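Please find below a short note on one helix pair and one strand with its pairing partners. The points follow the model shown here.

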Amino acid sequence: MQNTDPARLAKWGITPSEFLLLARWYFLDSNITTQALESIYALQPAADPSLSLQLGVMHSALQTFFAEQPTFGYLLSALLLLSGLCFALGLRKRSQHPFVAPAVVANLLLGAGQLGYLAYQGRLPMRAAVSIVFPMAVFLMMLCFPCFARETALEERPSLRKRVNPLALAALAACLALTVVPTVETFQLMNRPTDPEAKARMDEIPISLDAFAVAHPEVLIICDMSTLLDNRLFPDLSAGVPQNILFWGGYAARSPSWRYQLQSYGLDPDAFTARDFFRENVVVASALGVPDSALVQHIQESSEYDVDWEYYAEDGYISYFQFYEY
């Protein structure tokens, strides 16, 4: 966002440092409301609705996407080849399967429209592109199967009911060949040597955080984004289920469980401010070694005195901090 001058943000009680925290999913303070965010968004300059500009954005998004995802080009080529095969077979057998050729064209137009729309909006992530292309490929295979075989006169070839079309077989072989490169690159990525330090960090952080929380139920642990590395499917909770870990925002903000956790430690979820970080039963957890600089500044702006922080504890890759005035 561009229009972030303090005078405009102050209308909603949001400081520049708090505005920076918003980009890091910080939604703790009670002044961060849907109305405030909508109003800040409304302060941004209106987008130029000109078609030429949006087409430029679309071209840039597509160019960036194919530059960052080169294997997607092979998959798209295989899809186009499969579409051509299915369309040709549909025309050849239009008397038996009149719906195939029009369905292929509709499938391509719909898929191109969806990809184009995402690019037109200026954002084309790989997961979105795949969610469009894969169903297209499945639909094409369903259209192709009825056309792969051709009937032969039983009196001429009584031993053969159906015969595979050589053109179809060649086209399918080409489709499979086009998928070789992305398949090989995927296996190379899966088997790529990992950084032992990075792997140990990713594995240890959630385990260490859980263990510390269970051992210190007297404090509410507010976590920043650096601690969000938990990809465990079945975490070991034999020592107990931690009840005092709270991410400082995200999708869980303002939820009943989020409110319950704050209330359990004497905090009002409807009146939380930066000054609540001075409470003795509130600590901030981070894997960065120091508190987030924007958070430090945000807390400083809430106080008439000087503000500093100290280590409450250090456990593995995670540091725990408390703030105080002096």
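Buried means under 20% relative accessible area, exposed over 50%, and partly exposed in between (1.4 Å probe, protein chains only). This is a predicted model, in which local features need pLDDT of at least 70, side-chain atom pairs count only at pLDDT 80 or more, and totals for chains, interfaces and linings use all residues. Residues are numbered from 1 along each chain as its sequence is written, and side-chain values use heavy atoms, with hydrogens and water left out.

1. Strand β5 (residues 282-286; strands are DSSP E runs of at least two residues, helices H or I runs of at least four, numbered from the N terminus) is mostly covered, with 5 of its 5 residues buried. Val282, Val284 and Ser286 point one way, Val283 and Ala285 the other, and all are buried. In a regular strand, side chains alternate between the two faces of the sheet.

2. Which strands pair with β5? Strand β3 (residues 220-223) pairs with β5 in the parallel sense over 4 bridges, pairing being defined by at least two DSSP bridges. Within β5, Ala285 is the bridge partner of Cys223. Strand β7 (residues 318-325) pairs with β5 in the antiparallel sense over 3 bridges, and Phe321 in β7 stands opposite Val284.

3. The axes of helix α4 (residues 51-68) and helix α5 (residues 70-92) come within 4 Å and cross at roughly 100°. Therefore α4 is roughly perpendicular to α5 (65 to 115 degrees; under 35 is roughly parallel, over 145 roughly antiparallel, the rest oblique). Axes are lines fitted to C-alpha atoms, for helices over the stretch in contact, with angles from 0 to 180 degrees between N-to-C directions.

4. Phe65, Phe66, Ala67 and Glu68 in α4 meet Pro70, Phe72, Gly73 and Leu76 in α5, contact being heavy atoms within 4.5 Å.
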